[in-house]
Amino acid sequence: RLTFIYIFRMALEMLMGFADGYLAVADNFFVYQTAPDSTKFVFILWDIDLILGSTALVKLSQMETGDWREFAGTLTKRPLMQFLNVPEYAKRFDDLIRELNDKLLSLDVLGQYIDDTVAMIQQD
């Protein structure tokens, strides 16, 4: 069963430009089974130092488009990304990327945070 949190994590990984993660190079993640007899698994990202454009591993221009179809080119070949072959899930992924981008990464949202950070460190 595909959970919303998994789709959310993949969308966030894409938006943050996680160039050393599952989407880009199939690295820096764990899949944890919650109990030996359970069918529930948790996807865990780690080592997220190569984000927000800090990369030499993939073409940044692919990440900047916001279109997962162009990002790293092999997404639907990764086992954990097979959900993108289901039109309903692919649409939800698209919608979620747009929503997260508008609510978290737009200049309208980040501008005030940037201005507040500059004001806080300016004296130093």
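Helices and strands are here DSSP runs, of at least four residues for a helix and at least two for a strand, numbered from the N terminus. The model on display is predicted.

**The whole chain**

Begin with the protein chain in cartoon view. Five helices and two strands are present, and from the N terminus on the elements follow the order α-α-β-β-α-α-α. Next, colour the 124 residues of the chain by relative accessibility: 27% of them count as buried. A surface representation of the protein chain shows an exposed area of about 8200 Å², of which carbon and sulfur atoms supply 57%. If contacts are drawn between residues at least 6 apart in sequence, 57% of those contacts join residues at least 24 apart.

**Helix H4**

Select residues 87–105, which form helix H4. At 1.5 Å a residue, the 19 residues of this helix should span 27 Å, and a distance drawn between the end C-alpha atoms reads 26 Å, which agrees.

Which residues of H4 are buried? Show the side chains of Ala90, Phe93, Asp94, Leu96, Ile97 and Leu100, for these are the buried ones. Now turn the view to look down the axis of H4: the buried residues fall within an arc of 165°, so they line one face of the helix. Part of what covers them is helix H1, residues 4–15, which may be added to the selection. On the other side of H4, select Pro87, Glu88, Lys91, Asp102 and Lys103, which are exposed.

**The nonpolar core**

Keep H1 and H4 in view and move to the largest nonpolar core, a set of 16 residues. Tyr6, Met10, Tyr22, Met81, Phe83 and Phe93 touch the most other members of this core and are suitable residues to display as sticks. Helix H1, helix H2 (22–25) and H4 each supply at least two residues of the core. Which helix gives the most to this core? H1 does, with six residues. Phe93 deserves a second selection, as this residue is both buried in H4 and among the core members that touch the most others. In soluble globular proteins, nonpolar side chains tend to be buried together.

**Salt bridges along H4**

How many salt bridges does the structure hold? There are three, and each can be visited in turn.

- Select Lys91 and Asp95, whose side chains meet in a salt bridge with an N to O distance of 2.7 Å. Lys91 and Asp95 are four residues apart in helix H4, and so are separated by about one helical turn.
- Add Arg98, whose side chain meets that of Asp95 in a salt bridge at 3.6 Å, N to O. Arg98 and Asp95 both lie in H4, three residues apart, about one turn of the helix.
- Move to Lys103 and Glu99, which form a salt bridge with the closest N and O atoms 3.1 Å apart. In H4 these two residues, Lys103 and Glu99, are four residues apart and hence about one helical turn from each other.

With Lys91, Asp95 and Arg98 selected together, a network of salt bridges linking the three residues is in view.

Finally, return to the accessibility colouring. Where does Asp95 stand between buried and exposed? At 28% relative accessibility, Asp95 counts as partly exposed, because the partly exposed class lies between under 20% for buried and over 50% for exposed. Glu99, with a relative accessible area of 35%, is also partly exposed, whereas its partner Lys103 is exposed, at 55%.

Methods. Residues are numbered from 1 along each chain as its sequence is written. This is a predicted model: local features need pLDDT of at least 70, side-chain atom pairs count only at pLDDT 80 or more; totals for chains, interfaces and linings use all residues. Side-chain values use heavy atoms; hydrogens and water are left out. The expected span of a helix is 1.5 Å times one less than its number of residues. Buried means under 20% relative accessible area, exposed over 50%, partly exposed in between (1.4 Å probe, protein chains only). The arc is that of the directions from the helix axis to the C-beta atoms. Contact means heavy atoms within 4.5 Å. A nonpolar core is a set of buried Ala, Val, Leu, Ile, Met, Phe, Trp, Tyr and Cys residues joined through side-chain atoms within 4.5 Å. A salt bridge is a side-chain nitrogen of Lys or Arg within 4 Å of a carboxyl oxygen of Asp or Glu. Accessible areas come from the Shrake-Rupley method with a 1.4 Å probe; for residues, only the protein chains shown count as cover.
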